[in-house]
Amino acid sequence: MVGLVSVVGLVTDGGTVFAARRDLQNAADAAALAGAMQIDLEAYRAEGLVVLDVDAAEAAAAEYLQGEEGMQYSIQVTEQSIDVSVSRIAGTSFLQLVGVEGVEISASSTASPRHGIAEAQE
């Protein structure tokens, strides 16, 4: 019976942690995309260059992530891309019986500014 309860606990907590990791990846992807939409309009109008407005991109990504509770994040921005890394503790239920209160999960995402219609890659 103990073995059966242990397996059920691992499956339940494993599913919870997997779902939390997926949600964390979604948050990282969305924050990176929010930042990648912040192009430097002056550079685009003057020279036709599509580059990120570094300060605006970082602010947009941070603003998106601040709505998430208990999340730690770092944002790295260059004119060509934005990298977002996030982490948090996913709580457990059955594993608490053996002293595992939570599992640290993390995700990261990178996005680049785009405009117009991209060519198909072969």
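V86 is found in strand β2, and this strand makes a handy starting point for a walk through what is a predicted model. Is V86 buried or exposed? At 3% relative accessibility, V86 counts as buried, because anything under 20% falls in that class. Leaving aside neighbours within four places in sequence, V86 is in contact with L24, A28, L65, M71, Q72, Y73, I105, S106 and A107. The chain also folds back here: V86 and A27 sit 59 residues apart in sequence, yet their C-alpha atoms are 8.3 Å apart in space.

Next door in the sequence comes S87, which lies in β2 too, a strand covering residues 82–91. With a relative accessibility of 13%, S87 counts as buried as well. Once residues up to four places away in sequence are set aside, S87 touches L24, G70, M71, Q72, E104, I105 and S106.

So much for single residues; now for the sheet around them. Which order do the strands take? Three strands form an open sheet in the order β1-β2-β3, with antiparallel pairing. The edges are β1 (72–77) and β3 (102–111), each of which pairs on one side only. From one strand to the next, the twist averages 10 degrees. How many bridges join β1 to β2? There are six, and the two strands run antiparallel. Together β1 and β2 form a hairpin, with four residues between them. Looking across this pair, I75 stands opposite V84 in β2.

V84 has plenty of company of its own. Not counting residues up to four places away in sequence, V84 touches A28, A31, A32, A61, L65, S74, A107, S108 and S109. V84 also turns up in the largest nonpolar core, which has 23 residues; L65, I82, V84 and V86 touch the most other members. The elements giving two or more residues to this core are α1 (2–36), α3, β1, β2 and β3. Which of them gives the largest share? That is α1, with eight residues.

Helix α3, made of residues 54–65, lies across β1 and β2 and runs at about 160 degrees to β1. A quick length check works out nicely: at 1.5 Å a residue, the twelve residues of α3 should span 16 Å, and the end C-alpha atoms are 17 Å apart, which agrees. Which residues of α3 are buried? They are A57, A60, A61, A62 and L65. As a bit of background, an α-helix has 3.6 residues a turn, so residues three or four places apart point the same way.

Finally, there is the matter of charged side chains. How many salt bridges does a search of the whole structure find? The search turns up one. In this salt bridge the side chains of R88 and E68 meet, at 3.6 Å from N to O. R88 lies in strand β2 and E68 in the loop between α3 and β1, so the pair ties together parts that are 20 residues apart in sequence. As for E68, a relative accessibility of 30% means that this residue counts as partly exposed.

Definitions and conventions: Residues are numbered from 1 along each chain as its sequence is written. This is a predicted model: local features need pLDDT of at least 70, side-chain atom pairs count only at pLDDT 80 or more; totals for chains, interfaces and linings use all residues. Side-chain values use heavy atoms; hydrogens and water are left out. Buried means under 20% relative accessible area, exposed over 50%, partly exposed in between (1.4 Å probe, protein chains only). Contact means heavy atoms within 4.5 Å. Two strands pair if DSSP finds at least two bridges between them. Axes are lines fitted to C-alpha atoms, for helices over the stretch in contact, and angles run from 0 to 180 degrees between N-to-C directions. A nonpolar core is a set of buried Ala, Val, Leu, Ile, Met, Phe, Trp, Tyr and Cys residues joined through side-chain atoms within 4.5 Å. The expected span of a helix is 1.5 Å times one less than its number of residues. A salt bridge is a side-chain nitrogen of Lys or Arg within 4 Å of a carboxyl oxygen of Asp or Glu.
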